[in-house]
Amino acid sequence: ASWFGHVEPAAKDPILGVTEAFLADPSPDKVNIGVGAYRDDNGRPVVLECVREAERRIAGSTNMEYLPMGGSVKVIDESLKLAYGEDSEFIKDKRIAAVQALSGTGACRLFADFQKRFLPDTQIYIPTPTWANLHPPKIPDLMYFLSHHNIWRDAHVPQRTFTYYHQESRGLDFSGLMDDIKNAPDSSFFLLHACAHNPTGVDPSEEQWREISHQFKVKKHFPFFDMAYQGFASGDPERDAKAIRIFLEDGHQIGCAQSYAKNMGLYGQRAGCLSILCDDEMQAVAVKSQLQQIARPMYSNPPLHGALIVSTILSDPELKNLWLKEVKGMADRIIGMREALKENLERLGSPLSWEHITNQIGMFCYSGMTPEQVDRLTNEFHIYMTRNGRISMAGVTTGNVAYLANAIHEVTK
Ligand code: PMP
């Protein structure tokens with residue numbers, strides 16, 4: 001027997017089960033609203049035209065050399081402009097340490113390792129719920145299926161959670177959130193979703209972000225922003241960066257994970273950026289060199305092709321404009337489907353409030369349906385989604401929204 005004969009299969013990611021069941025279902029009515037990637041109004045994956053054009057420009061014109069250890073300087077420069085603002089004084093003063101990362105996940109992991117290495121006794125506060133593909137955890141251990149939890153767990157950073165979602169209103173539990181911020185020990189690390197909170201679609205308002213930022217100052221907390229949906233939420237990357245900009249205005253030092261998976265549709269290219277705002281240029285140089293040092297034994301240097309696509313698009317005004325138009329197109333389709341879903345439910349005479357469908361933002365709608373209601377949707381209506389009631393709005397189309405609304409009405413009445 002091999003020395004690893006005792007190894008058991010890892011617990012299956014529940015989202016895979018959803019997809020498998022969807023594919024195996026022969027029903028012509030079947031709907032997949034479990035997907036975590038954008039789909040067009042025909043339910044098909046999308047490659048943006050700006051990406052196609054960038055690929056045409058790249059084709060045959062570059063070599064296949066390694067990128068520098070910190071990744072593409074152009075991607076980093078463009079990413080910082082997106083997150084911190086075109087005219088950011090922090091960029092001018094070279095106060096930001098940044099490296100190209102393996103999309104948002106890789107950026108989070110690099111940060112978690114950095115946190116562990118240079119402040120070994122800290123912990124990270126993660127919102128409840130957070131990014132995951134899972135039904136709500138029933139036993140505490142299951143919490144560790146959730147992606148954010150997994151990332152910091154594997155970096156050996158102890159975790160705490162903070163209040164975020166308010167079940168009854170299907171909105172933000174702002175007072176609970178503020179209490180947890182106040183009650184955390186001074187100088188705690190908090191993971192914040194910069195926009196389009198996954199899985200709830202619930203974001204603080206601008207006013208609430210200001211209060212959160214203020215309280216962070218009082219408590220000297222460190223905010224780490226996971227920004228996986230910039231532009232994809234409202235359709236405007238500037239608007240989606242508002243939370244970060246508020247914290248910057250207030251003089252916080254922040255960390256930030258950026259991903260081009262959703263907003264450029266570059267899922268499999270693993271293009272992203274990790275940045276940390278430092279006191280001055282000297283510190284930024286030091287921090288960047290340490291981030292590279294952490295990345296080196298993991299994957300040496302990040303992949304080239306996605307980086308070339310991103311930098312080609314963002315550094316060319318014409319392509320960038322096309323991207324802005326296309327990212328708005330994706331956001332608008334989703335916002336439109338939210339309205340259509342809500343209208344259909346109201347037209348069917350559902351006595352429940354569905355305001356949260358349009359109040360929430362981004363790829364997901366946290367519907368408030370129970371695991372049992374989701375089971376009925378699947379068993380009786382061939383509708384596939386995760387049991388936490390999370391609807392991927394990307395899977396909703398003009399063609400299936402009425403069918404979906406009817407099914408939701410049936411299982412919730
Ligand atoms: N953070 C959040 C909140 C997400 O929803 C996602 C993707 N679902 C990610 C990070 C990371 O995605 P990727 O690694 O593909 O950029």
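1. First, a term: two strands count as paired if DSSP finds at least two bridges between them. With that in hand, look at β2 and strand β10 (residues 271-277), which pair in the antiparallel sense over 7 bridges. One bridge to pick out is that of Ala-97, whose partner in β10 is Ile-276. Keep in mind while reading that this is a predicted model.

2. Now the whole sheet. There are 7 strands in an open sheet, and the order across it is β2-β10-β9-β8-β7-β3-β4, with mixed pairing. The edges are β2 (96-102) and β4 (159-163), each of which pairs on one side only. On average, and ignoring direction, neighbouring strands in this sheet are turned by 25° against each other. As a reminder, strands of a sheet pair through backbone hydrogen bonds, either parallel or antiparallel.

3. At the β4 end, the pairing sense is parallel: β3 and β4 are joined by 5 bridges. Here Tyr-125 sits opposite Arg-160 of β4. On to β7: β3 also runs parallel to β7, and 2 bridges join them. In that pair, Ile-124 is opposite Phe-189 of β7. If you are following side chains along these strands, remember that in a regular strand they alternate between the two faces of the sheet.

4. What lies across this part of the sheet? Which strands does helix α6 (residues 147-154) lie across? The answer is β3 (124-128), β4 and β7 (189-193), and α6 runs at about 165° to β3.

5. Two cis peptide bonds are worth a look on screen. One joins Thr-128 and Pro-129, with omega about -5°. Pro-129 belongs to the loop between β3 and α6. Another runs from Asn-198 to Pro-199, where omega is near 15°. You will find Pro-199 in the loop between β7 and α8.

6. While you are checking backbone geometry, stop at Lys-220. Its phi is near 60°, a positive value in a residue that is not glycine. Lys-220 lies in the loop between α8 and β8 (222-227).

7. On to the ligand. How many residues surround it? There are 13, and the closest are Ser-103, Gly-104, Thr-105, Ala-228 and Ser-259. Sorted by class, the shell around the ligand has 8 polar, 4 nonpolar and 1 charged residues. Helix α5 (residues 103-118) gives the most to this shell, with 3 residues.

8. That same α5 also packs against another helix. Its partner here is helix α11 (residues 281-299); the two axes are 10 Å apart and the packing angle is about 110°. The two helices are therefore roughly perpendicular to each other, α5 against α11, since angles of 65 to 115 degrees count as roughly perpendicular. From α5 come Leu-110, Asp-113, Phe-114 and Arg-117, and they meet Gln-290, Leu-291, Ile-294 and Ala-295 of α11. By class, this contact has 5 nonpolar, 1 polar and 2 charged residues.

9. Next, α2 and α12. The axes of helix α2 (residues 49-58) and helix α12 (residues 305-314) come within 9 Å and cross at roughly 105°. So α2 and α12 are roughly perpendicular to each other. On the α2 side, the residues are Cys-50, Val-51, Ala-54, Glu-55, Arg-57 and Ile-58, and they meet Leu-308, Ile-309, Thr-312 and Ile-313 of α12. The class split for the contact of α2 with α12 is 7 nonpolar, 1 polar and 2 charged.

10. Last helix pair: α8 and α10. Helix α8 (residues 206-219) and helix α10 (residues 242-249) have axes that come within 9 Å and cross at roughly 40°. Why is α8 called oblique to α10? Because of that crossing angle: under 35 degrees would count as roughly parallel, and 65 to 115 as roughly perpendicular. The crossing of α8 past α10 is right-handed. Making the contact are Glu-206, Trp-209, Arg-210 and Ser-213 from α8, together with Lys-242, Ala-243, Ile-246 and Phe-247 from α10. For the contact of α8 with α10, the classes come out as 4 nonpolar, 1 polar and 3 charged.

Definitions and conventions: Residues are numbered from 1 along each chain as its sequence is written. This is a predicted model: local features need pLDDT of at least 70, side-chain atom pairs count only at pLDDT 80 or more; totals for chains, interfaces and linings use all residues. Axes are lines fitted to C-alpha atoms, for helices over the stretch in contact, and angles run from 0 to 180 degrees between N-to-C directions. Helices (H or I, at least four residues) and strands (E, at least two) are DSSP runs, numbered from the N terminus. Angles under 35 degrees count as roughly parallel, over 145 as roughly antiparallel, 65 to 115 as roughly perpendicular and the rest as oblique. A crossing is left-handed if the near helix is turned anticlockwise from the far one by less than a right angle, and right-handed if clockwise. Two residues are in contact if their C-beta atoms, placed from the backbone, lie within 7 Å. Ala, Val, Leu, Ile, Met, Phe, Trp, Tyr, Cys and Pro count as nonpolar, Asp, Glu, Lys and Arg as charged, and the others, Gly among them, as polar. A residue is near a molecule or strand if its C-beta atom, placed from the backbone, lies within 6 Å of it.
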